[in-house]
Each structure stands twice: as structure tokens, then as C-alpha cells.
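Me: Please take a close look at one part of this protein for me: the salt bridges and their surroundings. I would like to read it as one connected account, with the wider fold brought in where it helps.

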Amino acid sequence: MAAHSLSKLPTTISALIPDHRTKSDSRPNSLLSPWLGANSLSLPPSSLRVRTQESKLHPFSATVCLSLPTANAGIVSSTEKVPKWSWRAIKSFAMGELEARKLKFATTGTEAILMGILIEGTSLAAKFLRVNGITLTKVREETIKLLGKADMWFFSPEHPALTEEAQRVLDWAVDKKKKSGNSGEITTSHLLLGIWYEGESPGHKILAGLGFNEEKAKELESLSTKPGFIDG
């Protein structure tokens with residue numbers, strides 16, 4: 001069943017988002033919304049909610065490493081095999097991006113990726129979080145407390161830009177898998193541990209506030225690196 005599902009996954013995250021625009025529509029892109037149709041209105045910049053990290057955004061048009069973007073081209077050379085992301089990791093990232101849009105955030109941050117892991121829900125990382133009392137509802141509540149509510153009239157972009165912290169999480173996951181020397185895929189556990197080790201990020205602060213700690217991080221890492229472990 002997992003193999004059947006994986007075969008249907010898109011090769012890029014953009015394929016997960018429908019695009020209803022037609023070639024015959026010559027109006028500017030600012031007046032078009034793939035979610036609301038061609039009649040959507042473009043709001044003035046003054047009405048957009050800007051998060052404090054917006055000055056540290058990383059564009060989504062980074063180098064793509066098997067469906068998830070990596071900003072550091074030096075992580076993977078052209079002569080070596082590129083680590084693959086598990087389908088659960090890809091789906092978790094996609095769900096995090098959609099959650100950022102649902103909360104009307106201008107960016108996809110570590111807190112959104114954390115929520116994406118819990119929304120996907122079937123990975124070791126998601127199960128580990130729930131066993132330790134960290135649920136989607138709690139993370140969402142803590143996210144709003146930490147970052148505040150968005151302006152109700154703000155519409156998130158189709159792909160909310162990654163914050164630098166979120167980008168470093170993806171890069172850390174790729175680098176960690178490479179350095180392990182093990183075969184297999186980059187999993188949601190790599191994503192979760194990357195969030196934890198990004199110490200000043202909202203995702204880390206939320207995890208710490210809900211009882212996640214270094215001991216639990218080491219326990220998760222131990223579970224996810226056992227011989228034969230498959231989380232894809």
C-alpha cells in the first residue's frame with residue numbers, strides 16, 4: 001500500500017497545489033489566485049501581516065533535492081548519490097506549508113513543519129510526539145501564542161517562503177543523512193530533530209515548552225537509526 005501511495009506522489013511540492021489559471025487569461029498574476037479563482041482581489045502591501053522573521057526569508061526557488069529544497073549546494077556534490085526523502089517526510093512538509101496558509105502566515109517556518117509532521121500523523125516522529133503528549137492542537141495553540149494571529153484579510157502566497165530557520169532544518173536533515181553513511185531515506189525524524197537542534201527557532205521553543213528535551217531527542221534518534229528502520 002505504501003509503495004502504491006509513493007508511486008502517486010508528485011516529484012515536486014508545487015505539484016501538490018492546484019493551479020486553476022488558464023492560458024487565455026491575460027490579466028496580471030497579482031489578480032489571480034489558484035485557490036480563489038480569477039476574481040480574487042490583490043490587497044495593498046499595508047494590509048499584509050508581516051512576521052518578525054520576514055527579513056530573513058529564503059525563497060522557495062532553491063535548489064530542489066528530490067522534492068524538498070536545499071539552499072546549500074555544497075551539501076550534495078554532482079558526483080555522489082543524492083539522499084532521498086521518504087514520502088512521509090515529503091507529505092509532512094507539504095502539510096506544513098498548507099498549515100502556514102491556513103493560519104494566514106506569510107512564511108513557512110519551523111513551527112509549520114512541526115505541525116505538518118503531526119498532521120501527516122503516521123511517522124515515527126509523529127507517534128513519538130503524541131506519546132510524549134505533544135499534539136497538533138497544543139502546537140497550534142502555542143504557535144498562535146508565540147507568533148500571534150494573522151490579519152483576517154491577509155491571503156498567504158501559494159508557496160509561503162521558507163524562513164532561514166526552516167531552510168536550515170532541511171539542510172541539516174540532508175547533511176545528517178549523508179554523514180551517517182547509512183542507506184535509506186531522509187525521514188520525518190530527521191525533520192523533527194532538525195527543528196529541535198535549530199535552537200532559536202519557534203519550532204524549538206514550542207517543543208521545549210511542551211516538554212520535549214535533549215533526552216527525548218536522543219531517544220528518537222536512537223529509535224530512528226536502528227538497523228533496518230524504515231519510516232517511508
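Reply: The helices named below are DSSP runs of H or I with at least four residues, numbered from the N terminus. In that numbering, Lys218 belongs to helix H9, which covers residues 214–224. The model is a predicted one, and all that follows should be read with that in mind.

To set the scene, the protein has nine helices and five strands, which follow one another from the N terminus in the order α-β-β-β-α-β-α-α-α-β-α-α-α-α. Of its 232 residues, 44% are buried. Where contacts join residues at least 6 apart in sequence, 72% of them join residues at least 24 apart. The protein exposes about 12100 Å², and carbon and sulfur atoms supply 56% of that area.

Searching the whole structure gives seven salt bridges. One of them pairs Arg88 with Glu120, whose closest N and O atoms are 3.9 Å apart; this pair links distant parts of the chain, since Arg88 is in helix H2 (residues 87–102) and Glu120 is in helix H3 (residues 110–120), 32 residues apart. The limit for a salt bridge is 4 Å, and the Arg88 to Glu120 separation of 3.9 Å can be read against it. Arg88 counts as buried because its relative accessible area is 17%, and Glu120, at 7%, is buried as well.

Glu120 also belongs to the buried part of H3, and that helix deserves a closer look. H3 is largely enclosed by the rest of the structure, because 10 of its 11 residues are buried. Those buried residues are Thr110, Glu111, Ala112, Ile113, Leu114, Met115, Gly116, Ile117, Leu118 and Glu120. Just after the helix, Gly121 adopts a positive phi of about 80°.

Another salt bridge joins Glu142 to Lys145, with 3.4 Å between the closest N and O atoms. Both residues sit in helix H5 (residues 136–147), three residues apart, or about one turn of the helix. An α-helix has 3.6 residues a turn, so residues three or four places apart point the same way. Glu142 is partly exposed, with a relative accessible area of 25%, whereas Lys145 reaches 65% and therefore counts as exposed.

A further pair is Glu198 with Arg168, whose closest N and O atoms lie 2.7 Å apart. Because Glu198 is in the loop between helix H7 (188–197) and helix H8 (202–209), while Arg168 is in helix H6 (residues 164–180), this pair ties together parts that are 30 residues apart in sequence. Glu198 is buried, with 14% relative accessible area, and Arg168 is partly exposed at 38%. The two residues do not stand alone, for Glu164, Arg168 and Glu198 are linked in a network of salt bridges.

Helix H7, which comes just before the loop that holds Glu198, contains Ser189. Ser189 counts as buried because its relative accessible area is 1%. Leaving aside residues up to four places away in sequence, Ser189 touches Leu124, Ala125, Leu220, Ser224 and Asp231. Lys218, in helix H9, is by contrast exposed, with a relative accessible area of 54%. Between the C-alpha atoms of Lys218 and Leu193 there are 9.0 Å in space, while the two residues are 25 apart in sequence.

The nonpolar residues complete the picture. The largest nonpolar core has 40 residues, among which Trp85, Leu129 and Leu207 touch the most other members. The elements giving two or more residues to this core are H2, H3, helix H4 (124–131), H5, H6, H7, H8 and H9. H3 gives the most, with six residues. Leu207 makes contact with Leu114, Leu129, Ile134, Leu192, Ile195, Trp196 and Phe212, again not counting residues up to four places away in sequence. One of these partners, Leu114, is among the buried residues of H3, the helix that also holds Glu120, the partner of Arg88.

Conventions: Residues numbered from 1 in each chain as written. Predicted model: local features only at pLDDT ≥ 70, side-chain atom pairs only at ≥ 80, totals over all residues. Heavy atoms only, no water. Salt bridge = Lys/Arg side-chain N within 4 Å of Asp/Glu carboxyl O. Buried < 20%, exposed > 50% of the residue type's maximum accessible area, 1.4 Å probe, protein only. Core = buried A, V, L, I, M, F, W, Y, C linked by side-chain atoms within 4.5 Å. Contact = heavy atoms within 4.5 Å. Areas by Shrake-Rupley, 256 points an atom, 1.4 Å probe, with all protein chains shown as cover.
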